[in-house]
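Grab your viewer and a coffee: here are a few exercises to work through. Each one comes with a solution in steps.

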Amino acid sequence: VRVLTATIQPGKKTPFHAHRFPVTVYRHGGAFTLEMEGKPPVTVKAEDAMVDPPNKKITGNNRTGNATKVVIFHVRETETPFLDSVK
């Protein structure tokens, strides 16, 4: 199990990517809009958690005026990359 933290600044977004395994993301502060392949955008607010399913193209946007803090939990084999870039 690995635990990562990240801060996404206002107006920034993650590159489009996919995970080979489920990733659980907990919003510690701020709000975050997740765009996932085949689904409408979802805004996740502070203190909410969600699971990014494997092999789905996703990106996250901070459309607020404040930094968004996230805690990321995932289980994977050591040699497996955390994410794969997709377009």
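A polar contact is a pair of N or O atoms within 3.5 Å, where, within protein, one must be able to donate a hydrogen and the other to accept it. Keep in mind that this is a predicted model.

**Exercise 1.** Work out how Y26 sits: buried, partly exposed or exposed, and which residue its side chain joins in a polar contact.

*Solution.* Start with the location: Y26 belongs to strand β3. Next, take its relative accessible area, which is 24%. Buried means under 20% and exposed over 50%, so Y26 counts as partly exposed. Now list the contacts beyond four places in sequence: E47, D48, A49, K69, V70, V71 and F73. With E47, the side chain of Y26 makes a polar contact of 2.3 Å.

**Exercise 2.** Find the residues of the largest nonpolar core, and the strands that each supply at least two of them.

*Solution.* The core has seven residues: I8, F21, V23, V25, F32, V70 and I72. Strands β3 (23-29) and β8 (68-74) each supply at least two. As background, nonpolar side chains tend to be buried together in soluble globular proteins. There is also a second, separate core of five residues, L34, V44, M50 and I58 among them.

**Exercise 3.** Describe which way the residues of β7 point, and how β7 pairs with β4.

*Solution.* In β7 (residues 58-61), I58 and G60 point one way, T59 and N61 the other. All four are buried. Then the pairing: β4 (residues 32-36) and β7 run antiparallel over four bridges. Finally, L34 stands opposite G60 in β7.

Key. Residues numbered from 1 in each chain as written. Predicted model: local features only at pLDDT ≥ 70, side-chain atom pairs only at ≥ 80, totals over all residues. Heavy atoms only, no water. Core = buried A, V, L, I, M, F, W, Y, C linked by side-chain atoms within 4.5 Å. Buried < 20%, exposed > 50% of the residue type's maximum accessible area, 1.4 Å probe, protein only. Pairing = 2+ DSSP bridges. Contact = heavy atoms within 4.5 Å.
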